[in-house]
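Reader: Please show me the model, and then let me ask about its layout, its sheet and its surface.

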Amino acid sequence: SQIELAGKQREALVGAGATVLHQPGTDGRVDLRALLGHLAQAQCNEVLIEAGPTLAGAALRGGLVDELVIYMAPALMGSAARPLAELPFASMEEKLGLQISDIQAVGSDWRITASVGQASA
């Protein structure tokens with residue numbers, strides 16, 4: 001089922017100067033490829049996606065991510081913790097390679113910048 005913004009919500013966003021675009025996919029979610037195509041036509045050449053595991057996984061599986069910026073806290077989470085991205089790999093051969101270009105300490109966290117789709121060591 002598609003979820004659309006209620007009329008008053010849409011009007012409020014448009015009234016505040018936002019552009020509201022409806023890009024439904026076949027699975028009831030946003031068609032990310034169509035959305036990025038629309039943004040490219042509007043000359044938006046860089047898009048930041050700050051996302052949870054569902055959206056992050058969809059963007060990665062769709063081949064729509066060039067670079068990841070990951071903030072890693074010095075903590076180990078249990079097996080019930082939510083993953084960085086939903087990537088339903090069944091074996092190590094299906095892994096997604098990353099090429100790390102930068103690692104920096106940010107307070108007590110680490111910021112890791114990596115290109116997607118490169119061979120990993």
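The turns below go from the overall layout to single residues.

Author: This is a predicted model, in which local features need pLDDT of at least 70 and side-chain atom pairs count only at pLDDT 80 or more, while totals for chains, interfaces and linings use all residues. Residues are numbered from 1 along each chain as its sequence is written, and side-chain values use heavy atoms, with hydrogens and water left out.

Reader: In what order do the elements of the chain run from the N terminus on?

Author: Helices (H or I, at least four residues) and strands (E, at least two) are DSSP runs, numbered from the N terminus. The chain has 3 helices and 3 strands. From the N terminus on, the order is α-α-α-β-β-β.

Reader: Is the chain more spread out than a compact globule or not, and what is its radius of gyration?

Author: The C-alpha atoms fill a box of roughly 50 × 35 × 35 Å along the principal axes. The radius of gyration is taken over C-alpha atoms, and the globule rule is 2.2 Å times the number of residues to the power 0.38. For 121 residues that rule gives 14 Å, and the value of the chain is well over this, so the chain is more spread out than a compact globule, with a radius of gyration of 17 Å.

Reader: What share of the residues of the chain counts as buried?

Author: Buried means under 20% relative accessible area, exposed over 50%, and partly exposed in between (1.4 Å probe, protein chains only). Of the 121 residues, the buried share is 14%.

Reader: Which strands stand at the edges of the sheet?

Author: Two strands pair if DSSP finds at least two bridges between them. The 3 strands form an open sheet in the order β1-β3-β2, with antiparallel pairing. One side of each edge strand is left without a neighbour in the sheet because each has a single partner strand; these are β1 (67-72) and β2.

Reader: How many bridges join β2 and β3?

Author: Gln 99 stands opposite Ser 115 in β3, and Gln 104 has Arg 111 in β3 as its bridge partner. The pairing of β2 with β3 (residues 109-116) is antiparallel, and the number of bridges is 8.

Reader: Which residue in the hairpin of β2 and β3 takes a positive phi?

Author: The hairpin has 2 residues between the strands. Ser 108 is found in this loop, and Ser 108 counts as exposed because its relative accessibility is 56%. The residue with a positive phi, near 65°, is Gly 107.

Reader: Which residue of β1 stands opposite Ser 115?

Author: β1 and β3 pair in the antiparallel sense over 6 bridges. Opposite Ser 115 in β3 stands Glu 67.

Reader: Where does Gln 43 lie, and what is its phi?

Author: Gln 43 lies in the loop between α2 (32-41) and α3 (53-61). Gln 43 counts as exposed because its relative accessibility is 67%. Most residues other than glycine have a negative phi. Gln 43 is a residue other than glycine with a positive phi, near 65°.

Reader: Which side chains meet in a salt bridge?

Author: A salt bridge is a side-chain nitrogen of Lys or Arg within 4 Å of a carboxyl oxygen of Asp or Glu, and the whole structure has 1. One partner is exposed at 60% relative accessibility, and the other is partly exposed at 34%. At 4.0 Å, N to O, the side chains that meet are those of Arg 82 and Glu 86.

Reader: What accessible area does the nonpolar patch of Met 72, Ile 100, Ile 103 and Trp 110 have together?

Author: Patches are made of residues with over 30% relative accessible area and no salt bridge; like charges are joined within 9 Å, and nonpolar side chains (Val, Leu, Ile, Met, Phe, Trp, Tyr) within 5 Å. Accessible areas come from the Shrake-Rupley method with a 1.4 Å probe, and for residues only the protein chains shown count as cover. Ile 100, in strand β2 (residues 98-106), is partly exposed at 47% relative accessibility. Together, the four patch residues have an accessible area of about 410 Å².
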